[in-house]
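Visitor: Could you take me through the aromatic rings and the nonpolar packing in this one? I'd like a close look, starting with any charge that sits over a ring.

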Amino acid sequence: LAVTFTRSAASEMRERVKALLPGRELDALWMETCHAAALRILREEAFPFAEPAVLAEEDRPALLADLVPRGQTAALLDEMRASKQRLEWPRSAAARLYQERLQSRRLLDFDDIFLFALRLFEERPEALQRRQKRFRYVLMDEFQDTSLAQYAFVNRLAAQNFCVIGDPDQSIYGFAGVPFDPFARFGEDHPGCRVLPLTENYRSQAVILEAAKQVIARNQ
């Protein structure tokens with residue numbers, strides 16, 4: 001299992017693996033975004049209902065109608081997303097009604113996916129055990145952009161070999177949710193892990209690296 005942050009990165013990962021393994025059957029390899037991998041498992045297990053689908057953005061206004069005054073809709077969405085990224089179900093009356101409307105339509109919010117995947121693992125431990133046995137190696141790219149919910153999901157799957165790749169200095173999505181340090185959490189959960197610094201840069205020309213070093217040297 002290999003997961004990354006964006007669909008474009010997942011697509012690039014697939015193409016690179018195909019190039020490295022020409023003519024090989026790759027169906028046994030999952031190379032997905034975190035959301036796609038979690039949703040794939042939910043659909044395979046028909047959980048929390050048969051064929052769970054994700055709420056389309058254009059359908060969201062109908063579910064939010066009359067829950068809060070129009071000017072408070074963004075705040076409600078932020079509240080719900082922050083709660084779910086902390087792995088907590090939203091508790092306000094408006095948020096609970098929103099969840100009921102989703103359930104009645106057999107839909108999942110984008111941020112529901114990991115909560116339901118983790119609930120699946122708790123309620124059906126055999127479903128988790130099958131995935132842990134299947135995924136002997138789990139790789140997580142762009143680890144610096146991982147949320148608590150994403151990390152909790154992938155960490156449960158990685159029962160044997162878990163490799164994460166990332167750069168804490170490139171974390172640019174902190175504004176998107178609850179502050180979370182995935183590197184510190186990984187070290188706590190896997191105290192015997194090896195850290196392999198990647199110091200060779202194959203992306204930038206020397207003149208760019210020298211300019212960057214001069215700027216970085218003045219960081220406060």
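Guide: Sure. Start with Arg-40, which lies over the face of Trp-30, 3.8 Å from the ring centre. Bear in mind that this is a predicted model.

Trp-30 also turns up among the contacts of Leu-1. Setting aside neighbours within four places in sequence, Leu-1 is in contact with Trp-30, Ala-37, Phe-135, Tyr-137, Val-138, Leu-139 and Leu-157. Leu-1 belongs to the largest nonpolar core, which has 34 residues, and is one of those touching the most other members, along with Leu-42, Phe-121, Phe-153, Val-154 and Phe-162. Helices H2, H6, H7 and H8 and strand S5 each give two or more residues to this core, and H6 gives the most, with seven. Apart from this core lies another, of eleven residues, including Leu-67, Leu-76, Ala-95 and Tyr-98.

Now for the ring pairs, of which the structure holds nine. Phe-143 and Tyr-151 meet edge-to-face, 6.0 Å centre to centre with 65° between the planes. Phe-143 counts as buried because its relative accessibility is 0%, and Tyr-151, at 1%, counts as buried too. Tyr-151 also forms a tilted pair with Phe-180, at 6.1 Å centre to centre and 45° between the planes. Tyr-151 sits in helix H8 and Phe-180 in the loop between strand S6 and helix H9, so this pair ties together parts 29 residues apart in sequence. Phe-180 is partly exposed, at 24% relative accessibility. Step back and you'll see ring pairs linking Phe-143, Tyr-151, Phe-162, Phe-180, Phe-183 and Phe-186 into a cluster. Phe-162 brings you back to the largest core, as one of the residues that touch the most other members there.

Technical notes:
Residues are numbered from 1 along each chain as its sequence is written. This is a predicted model: local features need pLDDT of at least 70, side-chain atom pairs count only at pLDDT 80 or more; totals for chains, interfaces and linings use all residues. Side-chain values use heavy atoms; hydrogens and water are left out. A nonpolar core is a set of buried Ala, Val, Leu, Ile, Met, Phe, Trp, Tyr and Cys residues joined through side-chain atoms within 4.5 Å. Buried means under 20% relative accessible area, exposed over 50%, partly exposed in between (1.4 Å probe, protein chains only). Helices (H or I, at least four residues) and strands (E, at least two) are DSSP runs, numbered from the N terminus. Contact means heavy atoms within 4.5 Å. Rings of Phe, Tyr and Trp (its six-membered ring) pair if their centres lie within 6.5 Å; planes under 30 degrees apart count as stacked, over 60 as edge-to-face and the rest as tilted. A charge sits over a ring if NZ of Lys or CZ of Arg is within 6 Å of the ring centre and within 35 degrees of the ring normal.
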